[in-house]
Every structure is written in C-alpha cells, then in structure tokens.
Amino acid sequence: MNGDAQARTKVLVIDDEAPIRLLCRVNLEAERMEVIEASDGPAGLEAAQAGLPDVILLDVMMPGLDGWQVAELLLGDERTRSIPIVFLTARAELRDRARGLDLGGVDYVTKPFNPIDLAPLVRGLLDRVARGEREELRQEKLAELRASMSR
Amino acid sequence: MGRPTHLCNAENARASCRGAAPARVRFPRPVSVEEERGIEQRGALLHAARLVAGERGLDEVLDELLGEAMRLLRADAADCYLLDPARRVLRCAAARGFADPLVGFVYPADRGVAALALERGGPVAVETYGEAVHELPHAAYRDFDRVLAAPVSWGGEVRGVLGAGLRREGGRTFEPGALDLLEALAGLASLALAGEERSDERARQARIGAALGRIAALLSEPLSAAQTLDAAARAAADALGGEFAAVLLPEAGRLVVAGAHRVPRGLRRREPPAVLVEAAADGRSVAARRVREDARFADGWRRAGFEALLAVPVDGGGRGLLAVFFADEREFGRDDLEVAGLVARAARAAILRDRAFESERIARALSQQLARSGNALEPELDPVAVLAQVAEQARALLGADAASVALLEGDELVLGAASGPDLEGVVGTRAPSTGWLGGDAVQLRAPVSSADVSADVLHGGADAVLERGHRAYAAAPLGGREGVVRGVLAVYAAEPRAWREEEIEALAALAGNASVALANAELYRRLALEHAQSSAILANVADGIVAVDRDGRVVVWNAAAERITGVPASEALGRTPFEVLRRELESGQGGTNRLVPIMRGEEEVWLSLSEAVMREPSGEVAGRIFAFRDISAERVLERMKSDFVSTVSHELRTPLTSIYGFAETLLRSDIGFSDDERQTFLGYIASESERLTRIVDALLDVARLDAGTLEVQPVPIDLRTFLSEAVDASSQPALGNGGRFVLDLDEEVPEVRADPEKLRQVVDQLLENAVKYSPAGSVVRVEARARPEAVEVTVEDEGSGIDASQAERIFDKFYRGDETQPGTGLGLFIAQGLVSAMGGRIWVRSEEGGGSRFTFSLPVANEAEAA
C-alpha cells in the first residue's frame, strides 16, 4: 500500500469549530491529502461510515455527542473499528489524554498545535499502522504519558 | 424476799431483749444463736438463784442446781460432793446423769478431779479425764472425758465440790466460759450451804438471796456490760444494806466507775483514792467504818454522802473493786465480807461472759453498721455531703453524742462537718494540726482516744466540739493518697467513756471508708466538672465528634455530628457507627484527614475524618474517637475550580489554535494562497483574537466582582432602541434553520439607569445562552415590560429548560448546566454581578422541557436625568 505512494490519503476532521476544520483542510490538502469535515459527533459518525477515511482527527469538546462518545461508537462499529483515531483536544490535562488512548485512540494532538505538523503526523501514523504496529504505537504513547504523569 | 424481784423466764427475757434493743444498734436484726444461748444461760442462772433463795432443803436445792448446771453447761452429768473435813472424805450430796445411784457414795478427798479443785481452791478443767486421774473414785466416771470442777466455799473454807462432765462417746467439748458458769453455780451452792448452816439468819439470807436473784434477773434483761455492772452494784448494795454501790474497774491505767447503783454524780467523777486503787491492784478488800475520819480518803471522798465503805476485789476483765457505801457508820463482820465476796464472785462470771459476749456482739454490730455506712457512703458524690454523712455515721456507729470530720488545710485542721446537738457554728472552726488529740491522730497517723479529757492537760481551742461540754474523745485519721493524712474523724461523749478496742477499730475502719468515699466524691466532682467542660466543648465545636467504647458502640455523638450526618444522638448512642451510617469509620490504622463518603438521607456527604485510638494502660483498645468535618461543599468548590481551570484552558486554547494555526499557515511558503483565502485566514485571526479578549475580560470582571471593585457608569438608556440593536447584532450568526428572534416590547418603556457597556454584556450573555440551548428553528423572545419604578427585560427560549436544582445554582460562579457545552461557567455569574451593580435583579423561571425565561430588572431613570 505504501508502495503506491501517491494514493490519496483520506482524513476526516470532526470539530465544532469551523476555523479549526479549515485549518486542518488547508494544511492537509497542501500535502495532497483528501479532507472531509464534520461539525459535530453524529455528522462525524455518518461521514466515517460513508467515507471510510484512513484517519480521523477527532475533537473532544463538542456539544451534544462529545469526542469520547464518538470514539467509542466508531471503535464499536465493525465498519469503522480499524480507522485510527487521533484526538484533537484543548483539554491539556494528562488524564484527558490518557483517557483518549485508553478508549482506543492511537495518538493525540493538543491544541494549540502547529498545522504544518499535521500531515507528517498522519503519514507517520499510517506507516506504523501499515506495518501492523497500531497497538504498539498506542502503547508507546501510553508509556510516554505515564512517564510524564509520574514525573 | 425483802423486795419484789423482777423475774422473767427465758421466753420473756428474749422478748425484753428485743424490746430494749440498745440505743447504739440502729437496725433491727434477728437474735443470733449466740444470743439465744446467752439468754438461755441467764435464765438458768436466774432459776438457780431462785432455788437458793427459796425455802427448800439443802439436798433438794443442790439436786436442782445440778439440773441447772447440766442445762447451762450442756453437760452429760453433774454431781456435788460435800467435804467432811475431819475424815478428809467427800460424800456425794447430789448427782445427775449417772446410771449408778451415787448419792451417799464416799471416797477419799485426795482422789479424782475434786481433789485437784480442793487443792487449788479454785475451778479446774480436765480435758482427758483418764489421764489426769489415775484412780477413778467410782466406776460411774469411767466413760468421762472432759470434766469441770469448782469448789464450794463458805466461811473461808472449802466445803465441797461441784462437778460436771462430758462422756467420751459424745465427742463434744464444753463451751467457752463453761467453767465460769460452773463457778457461779458453785457460788450459789455455797449460799445454799450458808443458808443451811446459818438458818438463824433467815432474814439476812433472804436478803442475800434476793440480791442474787436481782443479779440474775437484771442479767437476763440487758445485753450491755455496763448495765450488768450496774446490776452487780445494785445487788451488792441490796445484799449488804448499803446506800449505794459501785463497780470500779481499771481502764486506760486508771480505776473508773464502770457500774454504779445510786452513786452520786459528784462521786462518780471523782478520782478514786489511792487506798482503793492499790487494793484493787493487790486484790485486797477495804473496809472503812468511819470514812469521815479516815485519813486514807481525800476530802472529796470524805464528804460524798456516805459514812462507811466496804470494797471487795472483783475480777471483771481486770482487777477491780466492788464497793458498797453505807449511810451510817458501820462495823463490818466476817459475814459482810463473805457476802460481798460472794456477790462479787457471782457477778464475775456473768460480767466476764457479758464482756466476751458484748465484744463479739459489738464487733458484729459495728461491722454490720460499717458495712451499712460503706453502702450509704458509696452513692454520695458531693464531698460536702460525704463529710456530713461520715460524721452522722460515726456518731451512730459508736453511739456517740457527737462526731466531727476535720480536714487538713496547710497546718490547720478545719472542721468540715459535725453531727450532734448544740453544735451550731462549729463547722469551719480551725485548730492547729499539731494541736492536742486531733493533731495527735494526724501526727501519729493512728487512732487516739481519751476516756475523760477533763482529767488530761488543758486543751483550750483544741477542738470546738470538745469545748461544747464533751468529756470523752476518740479520733481516727482520714487517709489520703499515698498514706498522706487528710484529716481526722472524731467522736465525742458527754460523759467520760472508756472506748472499747473494737469501737476504735470500727472508727478507724469508718475513717478508711470515709477516705475512699471522699476521694471518690472528689474524683467524681472533678470528673463531673471535666465532663461538663468537655460536654460544653463537644456541643459547641464545629467538627463532628463521635466516640465509641471498646465494643465499638457509640458513647458520644455531638451536635455537629448530628448536623453533619443527619442522625440524632438518641438514635446513634449504643449502636455502632456502621449500624448508624452504613459505613465503617474505623480505618484500622487510625490516621488523619481521611476522606470518607457517607449518605445523609439521599445526599452524599464527604467527611474529612481523623481518628484517635484510646488505649488502656495495658495497651488494649479502650475506645476510639472520630472527629470529622463535612467537606462536601469544599469538594464541590474544589472540583468546580479545577473544572474551571481546565475549562478556561480549553476556552483560551480554542481561539489560540486558530490564531496560531492560521498565522503558521500564512507563513507557509510552499503554498500560494489566494487573496480570498488570506482574507478568510486573517479574518479568523482577528475574530478569534476578539474572542480571546472577551474571555480575558470576563475573567477580569469576575476578579473585579470578587474584589468588589467593579465600577458602573449609569446613564439613562432607552431600552426599546437598545434591545433592538442588540438583537440585530446577535441575529447574524445565531439561529439557523429558520429560528428567529421575536421582540415584544411595551409601547411605553421608560428610560432606565444603566451602564450601556455592562448592559450590553448582560443582554448578549442571555441571548447567547438562549441561542446555545435552543433547538434549531426555534424562537427566542425578548420582552421589555414597564413595572412601577423598574423595567423588566426577559429573554425566553424554547430549549430543554432547566430543573429546579439547576435553577438554584445557575448564577453561581463556575456553574455550568451542560458541561459538554463550551463556556467558562462565568457568564451568568457575571451577568448577575453586573445587574446588581446597576441596582437591578436577575432571576430565572423555567420548567424542564418547557424552555427558560431569564429576566432582569433595572431601575427607572428619574425625570431630571431623563430630561
């Protein structure tokens, strides 16, 4: 799959803040990725099932269905279970990040973030996942968190 | 008989015993076996005395006497032999309890136990008859083991022997005092013998008999030794025709009047002359036929209402004299001495018996009384009352006229309580602790007593109770902790009184009881005080205090504990905390400030709990004390604060993300953005910067509201215009899907006084909330209503509404109705602060599912300002 390097990577951005969705779109598209957007949880679930993206960037604090719930639903759904989820969160507490990884997310990005870093992050992630190292990646991130929590 | 004799049999003697219960014994008690026996014995003596006084023949009298002897001594057999001095043989005059007829049997006077008694001239007791006597006088004595014998004397010579025996097979022994009784009976036998030999002196003999009868009769009545002695004195006076008589006995090294019959008071108190003291000590008799001219007697005795005196030795538990005083001068013959001696001897056994008996009786009565006083003192917990009770008890215990308790204060004894007549004002008086008597008890740490203090050294000021006309004194020290003397318990008698050893011991024992009771009472008072103090503290501390005993049962549950747990003490006491709270308070290892959640009804309450374990000196757990505070409110605030921090952080990070992100994006050189795109990006940077500013402003507002430094600059405002503009500005981005604002403003809305900037902040907040919580396509109403002196502005939405519990807290700082919604939880808090700063009020009316109506009021601007 990696061999077909120029196959377009599809990223779903679920965030209630329009500027942030735009930010992600502009910077990912600049890296030749395809971006689909959803402005709330239910729309995000629908888009994930319909569009089957390669990666989902998921905001946590959203009215109605929040990011945690959306992640649980996605991971509980046969069709979307395999899609790696990266949490985009303004909740900076370590316990919030840990919660995301515990739920099954593979990584998290804390707001504010540099949008230029998004594409490399997505690309690296997909490489690891392609090598079948999705769980290892998640465990690495958890270990990192634990290390910073115990400091 | 010269005068009517009060006679009684054993039956009515016992009844009179009960009736005339001695004054010092304050409680009724059954007549003991020993007393029964004592009464029985006196009855027998009385009977014997009557026999002797009667008109019967000698042999008959002797036979009857033997019957009495068997009854009195519980002997198996008794006999009486008379001595033929010329032939030195003994002839049996009477015998009882033998199979063989012994009367008339004659045997040599140097044989048998009788020989021992004759030889000694006094009574003899033999325990193993077979060993003591080599040659049995008669085969009838073969089976006997224990034998008593007493000589029968008259005219200074031994005239016979009275014997009593117990058979070996019975295995019994004689009771203590049996020999004395036998001797008394031998005395009666002597009288009978005298009566036989001196029949010419019938009248005199009758008088003597009556006297002896009197002894027996009186003996059968009282149980006290003093009265027995009085009876002996009277008998002696009667027998010798004296005016009055006294029994003088040694006590505390002095000869005192122990028993008296009609002795003048003046004489009673007078020190006996040396001649009597010496005679008593030597066991001699004294006869003074003309006392008035007798140099052996001091003045006080020469003019004491008598002319002649006859005193014979009497042994009443010490060498004393039986003295008979005569109104006229008198010659004394040998017979007088004989009679007096006989009376003395007859009285002796009874006196000794009464003494022993009384010692036992008094000791028992004292110990019973002591036990009672111990019981009475035990529940008394007021130290002052204890002192009063101790004095009361001591007086009753010893039958004293007065009693006092004095406590040591520094080097003084302060009288703390007194019992007795005419003692007003003695309580509180002080005496030096080194002073006389009471001080002695303190210094010696031992009881002291004096039978008659007037004879001792002067004691002015030594003891206030003593000064109120008391003569006899006894005291015992009151002990404190570690053997320290704390005071003195004293008893007093108005007349000189020889205190018995048992009485002093009892007084000391009572003092011991009193010390304990006093210590208990003081301890209790201190504990009660401490308890009152700690109760007051417990009742008033804000912390819940719960104490449990070793079994884990609640013994303390203070008012704060009631308030915090919602469980009244009445329900909690006696149960375990787990039973009360459905939650264990004990942690096993103690510790402080543990967090423990409990349920107060439906509400969860968080306790910050500290625990202390109380231990016995042995290390065993004696109980536990739990102290706790309700930190639920603090916890809620704590959580809200921490939520606030993360919420604010979130609220700040979101606009920052856009600002930072678009700036970075614009800085990308690898992408060529169109002008429109740049415009959009820069527009987001600008608007998100504004958003950031608003959040920071809100935080500043909160800080100002908290500090009370928020300033408003009110001006008259026309609300119709103001609200229309505000709604127009909000409409733009707000309600999608056909939702809309509806303005419903009164035609006439007076101008209000408000700070336009703050007012806009309030209105924008309410509109923003309304939009935020409204479903798509719904209507938000904005109303303005003119009320007297105020205008009310209402923003009503069609959202899900809020429930009552939320409505209460919705204006609280940090409170957020829906935590998934973005927001700092400060908007309504600030709105409320602003409205009240402008002199208005804000409230909400809502029903869950029925939308919310937020209303605030503003004061109407006055005419002058409006113009």
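Two strands are said to pair if DSSP finds at least two bridges between them. In this predicted model, an open sheet of 5 strands in chain B is built on such pairing, with the order β24-β26-β27-β29-β28 and a mixed pattern of pairing. The strands β24 (740-745) and β28 (841-846) of chain B occupy the edges; each has a single partner strand, so one side of each is left without a neighbour in the sheet. From one strand to the next, the twist averages 15°.

The pairing of β28(B) with strand β29 (residues 852-859) of chain B is antiparallel and extends over 6 bridges. Within this pair, Ser846(B) is placed opposite Ser852(B) of β29(B). Two helices are associated with the sheet of chain B. Helix α25 (residues 827-837) of chain B packs on the sheet and touches β28 and β29 of chain B, its direction making about 135° with that of β28(B). Helix α23 (residues 756-772) of chain B lies across β24, β26 (779-787), β27 (790-796), β28 and β29 of chain B, and runs at about 170° to β29(B).

Chain A also contains an open sheet of 5 strands, in the order β2-β1-β3-β4-β5, and its pairing is parallel. Here the edge strands are β2 (34-38) and β5 (107-110) of chain A, each of which pairs on one side only. Neighbouring strands are turned against each other by 20° on average, direction ignored. Strand β1 (residues 10-14) of chain A is joined to β2(A) in the parallel sense by 5 bridges, and Val13(A) stands opposite Glu37(A) in β2(A). Helix α2 (residues 41-51) of chain A packs on this sheet, where it touches β1, β2 and β3 (55-59) of chain A; the direction of α2(A) makes about 170° with that of β1(A). Helix α5 (residues 118-130) of chain A lies across β1, β3, β4 (85-89) and β5 of chain A, at about 130° to β3(A).

The interface between the chains was examined next. In total, 27 residues of chain B are in contact with 27 residues of chain A. The two chains bury about 2,300 Å² between them, of which 62% is on carbon and sulfur atoms. Across this interface 2 salt bridges are found, including one between the side chains of Arg668(B) and Glu31(A), at 2.6 Å from N to O. Polar contacts link 5 residue pairs between chain B and chain A, both residues being at pLDDT 80 or more. On the side of chain B that touches chain A, the elements giving two or more residues are α20 (632-667) and α21 (675-707) of chain B. The greatest contribution comes from α20(B), with 14 residues. By residue class, this side of chain B comprises 7 nonpolar, 12 polar and 8 charged residues.

Key:
Residues are numbered from 1 along each chain as its sequence is written. Chains are lettered from A and ligands numbered from 1 in the order in which they are written. This is a predicted model: local features need pLDDT of at least 70, side-chain atom pairs count only at pLDDT 80 or more; totals for chains, interfaces and linings use all residues. Side-chain values use heavy atoms; hydrogens and water are left out. Contact means heavy atoms within 4.5 Å. Buried area is the accessible area (1.4 Å probe) that two parts lose on being put together, summed over both. A salt bridge is a side-chain nitrogen of Lys or Arg within 4 Å of a carboxyl oxygen of Asp or Glu. A polar contact is a pair of N or O atoms within 3.5 Å; within protein, one must be able to donate a hydrogen and the other to accept it, and residues adjacent in sequence count only if both atoms are side-chain atoms. Helices (H or I, at least four residues) and strands (E, at least two) are DSSP runs, numbered from the N terminus. Ala, Val, Leu, Ile, Met, Phe, Trp, Tyr, Cys and Pro count as nonpolar, Asp, Glu, Lys and Arg as charged, and the others, Gly among them, as polar. Axes are lines fitted to C-alpha atoms, for helices over the stretch in contact, and angles run from 0 to 180 degrees between N-to-C directions.
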